[in-house]
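Could you open the model in your viewer and keep the selection tool at hand? We will walk through it stop by stop.

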Amino acid sequence: MKIGTKVRMSKELKGLLKSNGSVDHVREFGHMIGVVIPKEPDIEHWPEVEVKWGDTELHYLYHPDQLEE
């Protein structure tokens, strides 16, 4: 997934997060559109992508298979 790609959480990711106790994360970001941003150099070899949510400064790592473009 390229930097600048607009994404949202997949239904599967929302279900997974809810099942492991991260309901608040889904409530806060599950309705938002995020943008893939560059990762920190020490984790750039990881398969996850860094997503910045909406107009917030908050960003988190997600596996690309769990996101929808």
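The tour below goes from the sheet to a helix, then to a loop, the core, a set of rings and a last loop. Please keep in mind that this is a predicted model.

**Stop 1: the sheet**

Start with a cartoon view and colour the strands. Five of them form an open sheet in the order E4-E3-E2-E1-E5, with antiparallel pairing. Look for the edges at E4 and strand E5 (67–68), each of which pairs on one side only. Now select strand E2 (residues 34–37) together with E3: these two run antiparallel and share four bridges. For one residue pair to click on, take valine 35, whose bridge partner in E3 is lysine 52.

**Stop 2: the helix on the sheet**

Next, select helix H1 (residues 11–19), which packs on the sheet. Its contacts there are with strand E1 (6–9), E4 and E5. Turn the view until you can compare directions, and you will find that H1 makes an angle of about 45° with E1.

**Stop 3: serine 10**

Go to the loop between E1 and H1 and pick serine 10. Is this residue buried or exposed? Serine 10 has 4% relative accessibility, so it counts as buried. Show its side chain: a polar atom there lies 3.0 Å from the backbone nitrogen of leucine 13. Then show what else surrounds serine 10. Setting aside neighbours within four places in sequence, its contacts are Gln66, Leu67 and Glu68.

**Stop 4: leucine 67 and the core**

From serine 10, move across to leucine 67, one of its contacts. Leaving out residues up to four places away in sequence, leucine 67 touches Met1, Val7, Arg8, Met9, Ser10, Leu13, Val49, Val51 and Tyr62. Leucine 67 also belongs to the largest nonpolar core, which has 13 residues. The members that touch the most others are Met9, Leu13, Val51, Trp53, Tyr62 and Leu67, so select these six as sticks. Which elements give two or more residues to this core? They are E1, H1, H2 and E3. The largest share, three residues, comes from E3.

**Stop 5: the aromatic rings**

Keep Trp53 on screen and add Phe29, Tyr60 and Tyr62; ring pairs link these four into a cluster. The whole structure holds three aromatic pairs. Begin with phenylalanine 29 and tryptophan 53, whose ring centres are 6.0 Å apart and whose planes meet at 25°, so the pair is stacked. This pair joins distant parts of the chain, since phenylalanine 29 sits in helix H2 (residues 23–29) and tryptophan 53 in strand E3 (residues 49–53), 24 residues apart. Both phenylalanine 29 and tryptophan 53 are buried.

Now shift to tryptophan 53 and tyrosine 62. Why is this pair edge-to-face? The ring centres are 5.7 Å apart and the planes stand at 80°, and planes over 60 degrees apart count as edge-to-face. Switch on a surface if you like: tryptophan 53 has 0% relative accessibility and so counts as buried. Tyrosine 62, at 5%, counts as buried too.

**Stop 6: glutamate 57**

Finish in the loop between E3 and strand E4 (59–62), where you will find glutamate 57. With a relative accessible area of 63%, glutamate 57 is exposed. To end the tour, draw a distance from its C-alpha atom to that of lysine 6: the two atoms are separated by 15 Å, and the residues are 51 apart along the chain.

Conventions:
Residues are numbered from 1 along each chain as its sequence is written. This is a predicted model: local features need pLDDT of at least 70, side-chain atom pairs count only at pLDDT 80 or more; totals for chains, interfaces and linings use all residues. Side-chain values use heavy atoms; hydrogens and water are left out. Rings of Phe, Tyr and Trp (its six-membered ring) pair if their centres lie within 6.5 Å; planes under 30 degrees apart count as stacked, over 60 as edge-to-face and the rest as tilted. Buried means under 20% relative accessible area, exposed over 50%, partly exposed in between (1.4 Å probe, protein chains only). Two strands pair if DSSP finds at least two bridges between them. Contact means heavy atoms within 4.5 Å. Axes are lines fitted to C-alpha atoms, for helices over the stretch in contact, and angles run from 0 to 180 degrees between N-to-C directions. A polar contact is a pair of N or O atoms within 3.5 Å; within protein, one must be able to donate a hydrogen and the other to accept it, and residues adjacent in sequence count only if both atoms are side-chain atoms. A nonpolar core is a set of buried Ala, Val, Leu, Ile, Met, Phe, Trp, Tyr and Cys residues joined through side-chain atoms within 4.5 Å.
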